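Colleague: Got a minute to walk me through this one? I'd like to begin with the ligand and then move on to the sheets.

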Amino acid sequence: MAALILDGTKIAQQIRSEVAAEVRTMAVAGVRPGLAVVLVGHNPASEIYVRGKVKACEEVGIYSEKLTPPETASTTELLTLIEDLNRRDEIDGILVQLPLPRQVDSKKVLLSVDPAKDVDGFHPMNVGFLSTQRPGLVPCTPAGVLEILKRSNIPIAGREAVVVGRSDIVGKPAAMLLINANATVTVCHSKTHDLPGVCRRADILVAAIGRAGMITRDFVKPGATVIDVGMNTITDEREFQKLFGGNSKREETFRKKGTTLVGDVHPGVAEFAGAMTPVPGGVGPLTIAMLMFNTVKAAKMRRGSSVPELSRA
Ligand code: NAP
């Protein structure tokens, strides 16, 4: 039987509506959450992401500010800029769009963000809060993964979860959130032996690898829930045919654009999984929704107010 497709766009829209309602309530008390986005230089992909984030802020009523230091900015210049944002009371969230130019010490810059305003949840203090189950800011994409599971009523407690990928941004925090939600969690990476065998144990399989269509049916226990975090752009005709041959809708857009977005999970897995997120339209939309949520959460935590109801992370 074909998998239930978990509609990330719809879930993200629900979260954005909830955040917008929270922002309206805060406005009555004279508070408007504010997000500063730091975009260094002119990376085209980063520019698109930042545009999406600023637009989302407008839609939910969050104040946003885009800071655009030049490509040549030094670590010291960025540290000065962050210190200024740390001090400003109307700024609740600071997001430094990655990657930073090569001459910049990215770790030093990220470490300089006030943990209370670290809406990306990358600061070691927030990493520690997550692993010790204290209130803090949780990385957006993994938090979005958990929202998809919970809002789709996928049971987590007591289930076997396998996360493929151990990055600080996705794999590790996703694993930590699943542990906190009482799953039994295995984390895999490029040195894991018998990856398909380990993945087949999973009731919940999270793929955060960065390899187009790598997770095929051999990796999936029939009926498992498969969450595809991967976002890979493919342009090669042969690779396209291997993944989407016979899919006339995809073929039409691929012909037109010469490119298509694919996850880490082979589309054929949809025939074996119990539920699955699509790419696009799965985890992707949740990332910005959770950024909006985190900005409101930061605004409330900084003012000692209780955190909004929608927090499930
Ligand atoms: P990353 O930092 O490159 O980490 C990739 C992980 O996958 C690493 O832990 C790596 O193992 C593992 N890996 C690579 N090849 C493997 C293989 N053949 N077998 C098993 N494990 C393998 O990537 P990331 O930042 O976590 O991102 C992962 C994917 O998610 C990318 O496609 C990215 O574009 C996407 N992403 C999507 C969103 C979203 O909003 N939807 C947000 C962030 C990222 P080692 O540690 O051993 O090298």
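Modeller: Sure. A backbone N or O atom of His-189 lies 3.5 Å from a nitrogen atom of the ligand, which fits the polar contact cut-off, a pair of N or O atoms within 3.5 Å.

Colleague: How much of the ligand's accessible area does the protein cover?

Modeller: Of the 920 Å² that the ligand has on its own, the protein covers 71%; accessible areas come from the Shrake-Rupley method with a 1.4 Å probe. Bear in mind that this is a predicted model, where local features need pLDDT of at least 70 and side-chain atom pairs count only at pLDDT 80 or more, while totals for chains, interfaces and linings use all residues. Residues are numbered from 1 along each chain as its sequence is written, and side-chain values use heavy atoms, with hydrogens and water left out.

Colleague: Ok, which residues come nearest to the ligand?

Modeller: Arg-166, Ser-167, Ser-190, Arg-211 and Thr-287, out of 21 residues around the ligand; "around" means a heavy atom within 4 Å.

Colleague: And how far are the side chains of Arg-166 and Ser-167 from ligand oxygens?

Modeller: For Arg-166, a side-chain N or O atom is 2.7 Å from an oxygen atom of the ligand. For Ser-167 that distance is 2.5 Å, again to a ligand oxygen.

Colleague: Switching to the sheets: what is the strand order in the one with 6 strands?

Modeller: β1-β11-β8-β7-β5-β6, an open sheet with parallel pairing. Strands are DSSP E runs of at least two residues, helices are H or I runs of at least four, both numbered from the N terminus, and two strands pair if DSSP finds at least two bridges between them.

Colleague: Which strands stand at the edges?

Modeller: β1 (4-5) and β6 (184-188); each has a single partner strand, so one side of each is left without a neighbour in the sheet.

Colleague: What about β5 and β7?

Modeller: β5 (residues 160-164) and β7 (residues 204-207) pair in the parallel sense over 4 bridges, and Val-163 stands opposite Val-206 in β7.

Colleague: And the sheet of 3 strands, what is its order?

Modeller: β3-β2-β4, open, with parallel pairing. β3 and β4 (93-96) are the edge strands, each pairing on one side only.

Colleague: How do β2 and β3 pair?

Modeller: In the parallel sense over 5 bridges, residues 34-38 with residues 63-67. Ala-36 has Glu-65 in β3 as its bridge partner. On the other pairing, 4 bridges join β2 to β4, where Val-38 stands opposite Val-96.

Note on methods
Polar contact = N/O pair within 3.5 Å; in protein donor to acceptor, adjacent residues only side chain to side chain.
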